[in-house]
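Got a few minutes to walk through a protein model together? Here it is, followed by some questions and answers.

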Amino acid sequence: ASTAVLVNADNNSTDGTAAAFLADAGKTRRLAVATGASGTGKGTNIMAIFHAALDLGAERVVVLDADVRSAEPWWTARLLEAVQVAGPAMAVPVYRRNRYEGNTTNHLASPLLAAVLGVHVQQPIAGDFAFNRACIERAVTWPLPESAQKYGIDIYLTGNAVREKHQISQVPLGRKIHNPGFPKILAMSQQVIDALWHVIVMAGSPRPAPEPSAIARRTVDVAACRPDARLAERTFAKVNRYLNQNRSAIAEVYPSLGAAVEPGDLMGIPSALWPEVLADALTAVAGGRAGEARDHLVALYLCRVRTYWQEIEALGDPDAIDALLDEQAEAV
């Protein structure tokens, strides 16, 4: 009979989570692993789980973000079933989400992964994944940049699995409800972009465009909750200050923006222009300017997010928003 182990991983948390986890009643064996508090994050926790899994002789691993409040018991079984194969395999979820969430997925991670590595993964940074042992054995050998020790870990794992042509299964799991992502959008997007640049450089050259996804996009939930207005205003104001301070440098790295980089209010970036912006970013990466491309792209991405919110408010219907995201990804 198969056995299971529950693992809690944190960055040496001092709030008593590990002790409460270990003390909780239940028949399943429990293990707590802790990484150092300094210079670590989600990525170091995931890698700690992987090393624990290898030490335990685990055949398959499911990792779940701690802030998900809509998890169902069948999620684990469905994710595990998808990686019960011989070769290296990874399962990624397909969720329906609040239309104002998932921005880094929709505008950066998913379209860039498809454009450069030729595999269309709808939600490559969803956080709740499954892996088989063959995949984990490869993952612990990939050099881990600083960004992948933090929020860049999801795209780093998915991107490298795609790069090494592991089997990627996309598993519909219904609605995802979790803590809002917008409060950490600046730091998270920078780390995701940085980790993705590392994967792209490791890949060496682009691959052919992907075939249309076999799974129809159903990623936009009927629920719609816009981020806190004051937080959004402060974030966009910070971005605008960055743009005004760096407009000449941005215009050089992102020539497709043209007159849009003139001093003024936060620029609008519609879906038709966004693929050109990402093309400029990749040109800069290929030219050895990955750091500049990353930092400027964070600000431009927030411009795209704000314009996207205006676009989806005009559309309203979830299917129409999914279609817009498909069209944007295809254009990229």
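**Fold, surface and one asparagine**

Just under half is a good place to begin: buried residues make up 49% of the 332 residues in the protein chain. Keep in mind that this is a predicted model.

Q: How many helices and strands does the protein chain have?
A: Both kinds of element turn up in the protein chain. The count is twelve helices and six strands.

Q: Why is the protein chain called as compact as a globular protein of its length?
A: For 332 residues, the globule rule gives 20 Å. The protein chain comes out close to that, so it is as compact as a globular protein of that length. Its own radius of gyration is 20 Å.

Q: What share of the exposed area do carbon and sulfur atoms supply?
A: The protein chain exposes about 15,100 Å². Of that area, the share from carbon and sulfur atoms is 52%.

Q: How far apart are the centres of the positive and negative side chains?
A: The protein chain carries 31 positive and 35 negative side chains. Take the centre of each set, and the two lie apart by 4 Å.

Q: Is Asn240 buried or exposed?
A: Asn240 sits in helix H8, which covers residues 229-245. Its relative accessible area is 16%, and the cut-off for buried is under 20%. So Asn240 counts as buried.

Q: Which residues is Asn240 in contact with, leaving aside its neighbours within four places in sequence?
A: Skip the neighbours within four places in sequence. What remains for Asn240 is Arg247, Gly264, Asp265 and Leu266.

Methods. Residues are numbered from 1 along each chain as its sequence is written. This is a predicted model: local features need pLDDT of at least 70, side-chain atom pairs count only at pLDDT 80 or more; totals for chains, interfaces and linings use all residues. Side-chain values use heavy atoms; hydrogens and water are left out. Helices (H or I, at least four residues) and strands (E, at least two) are DSSP runs, numbered from the N terminus. The radius of gyration is taken over C-alpha atoms; the globule rule is 2.2 Å times the number of residues to the power 0.38. Buried means under 20% relative accessible area, exposed over 50%, partly exposed in between (1.4 Å probe, protein chains only). Accessible areas come from the Shrake-Rupley method with a 1.4 Å probe; for residues, only the protein chains shown count as cover. Lys and Arg count as positive and Asp and Glu as negative; His and the chain ends are not counted. The place of a charge is taken as NZ of Lys, CZ of Arg, CG of Asp or CD of Glu. Contact means heavy atoms within 4.5 Å.
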